[in-house]
Amino acid sequence: MRTVTLTHVFAHPVAQKYLKRSGLAHAINAAYHAYHLALRHGVNVDLATKAALLHDIGHYTWYKNGRWDYEQYRQNDIHAIKGAERAHKLLIRLGEHPQNAKEIALAILLHTDSYLPEGEWKRTPLQAIVKWADEADEEPGGRHHYRTISDDLAWKKIRQLDELVSRQQAKGRLGDIV
């Protein structure tokens, strides 16, 4: 049974703060990509959309002389680590089952290779979906983090995506959900 919806997550002040800081339009687009990818690959759409929505909430803004410094970000950022921790804490507070919160947090932790040591990483299907969803919406130089969306349109898209996930739940197609 799905007890925490995307709407619950999106409405929380912590999510609002960090989603807006890291790029709300990108987060919502990534969640939609994750929904479609999860359906195609037989992955739990509820967990995939939540993880994709929250995947960048650990971002710190790297500025130098008042301007965004993409190279400094690429060299020093560990946003996936901080984001995994923030997402886990948020989801537990909202009442998400601890195992689901852990799976979502791990997918966020491994959605990028930017801070990982060189080498091949074996991702679970959920972790791969979140990585692919993020990559599907990326723009050169991190510009995807600066696209804008109105609050009204953001809420509309979140509610629509929540409805799509609920329909999959009604069909019994959420996969492994605790």
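**Helix packing and salt bridges**

Biologist: Which residues of helix 2 (residues 13-22) are buried?

Modeller: This is a predicted model, where local features need pLDDT of at least 70, side-chain atom pairs count only at pLDDT 80 or more, and totals for chains, interfaces and linings use all residues. Residues are numbered from 1 along each chain as its sequence is written, and side-chain values use heavy atoms, without hydrogens and water. Buried means under 20% relative accessible area, exposed over 50%, and partly exposed in between, with a 1.4 Å probe and protein chains only. In helix 2, a DSSP run of H or I with at least four residues, numbered from the N terminus, the buried residues are A15, Q16, Y18, L19 and S22.

Biologist: Which helices do the buried residues of helix 2 pack against?

Modeller: Contact means heavy atoms within 4.5 Å. The buried residues of helix 2 pack against helix 1 (6-11), helix 3 (24-41), helix 4, helix 6 and helix 9.

Biologist: What is the phi of G23, which follows helix 2?

Modeller: Helix 2 is followed by G23. The phi of this glycine is positive, near 115°.

Biologist: How is helix 6 oriented relative to helix 7?

Modeller: Axes are lines fitted to C-alpha atoms over the stretch in contact, and angles run from 0 to 180 degrees between N-to-C directions. Helix 6 (residues 79-94) and helix 7 (residues 98-109) have axes 8 Å apart and an angle of about 160°. Angles under 35 degrees count as roughly parallel, over 145 as roughly antiparallel, 65 to 115 as roughly perpendicular and the rest as oblique. Helix 6 to helix 7 is therefore roughly antiparallel.

Biologist: How many nonpolar, polar and charged residues are in the contact of helix 6 with helix 7?

Modeller: A80, I81, G83, A84, A87, H88, L91 and I92 in helix 6 meet P98, A101, K102, I104, A105, I108 and L109 in helix 7. Ala, Val, Leu, Ile, Met, Phe, Trp, Tyr, Cys and Pro count as nonpolar, Asp, Glu, Lys and Arg as charged, and the others, Gly among them, as polar. By class, this contact has 12 nonpolar, 2 polar and 1 charged residues.

Biologist: How is helix 4 oriented relative to helix 8?

Modeller: Helix 4 (residues 45-54) and helix 8 (residues 125-136) pack with their axes 9 Å apart, at an angle of about 45°. That angle makes helix 4 to helix 8 oblique.

Biologist: Which residues of helix 4 and helix 8 make the contact?

Modeller: By class, the contact of helix 4 with helix 8 has 8 nonpolar, no polar and no charged residues. From helix 4 come L47, A48, A51 and A52, and from helix 8 come L126, I129, V130 and A133.

Biologist: How far apart are the closest N and O atoms of K50 and E96?

Modeller: A salt bridge is a side-chain nitrogen of Lys or Arg within 4 Å of a carboxyl oxygen of Asp or Glu, and the whole structure has 8 salt bridges. Both K50 and E96 are buried. K50 forms a salt bridge with E96, and their closest N and O atoms are apart by 2.6 Å. This pair links K50 in helix 4 to E96 in the loop between helix 6 and helix 7, with the closest N and O atoms at that value of 2.6 Å.

Biologist: Is D137, a salt-bridge partner of R147, buried or exposed?

Modeller: The side chains of R147 and D137 meet in a salt bridge of 2.8 Å, N to O. R147, at 26% relative accessibility, counts as partly exposed. D137 has a relative accessible area of 9%, which means that D137 is buried.

Methods: Helices (H or I, at least four residues) and strands (E, at least two) are DSSP runs, numbered from the N terminus.
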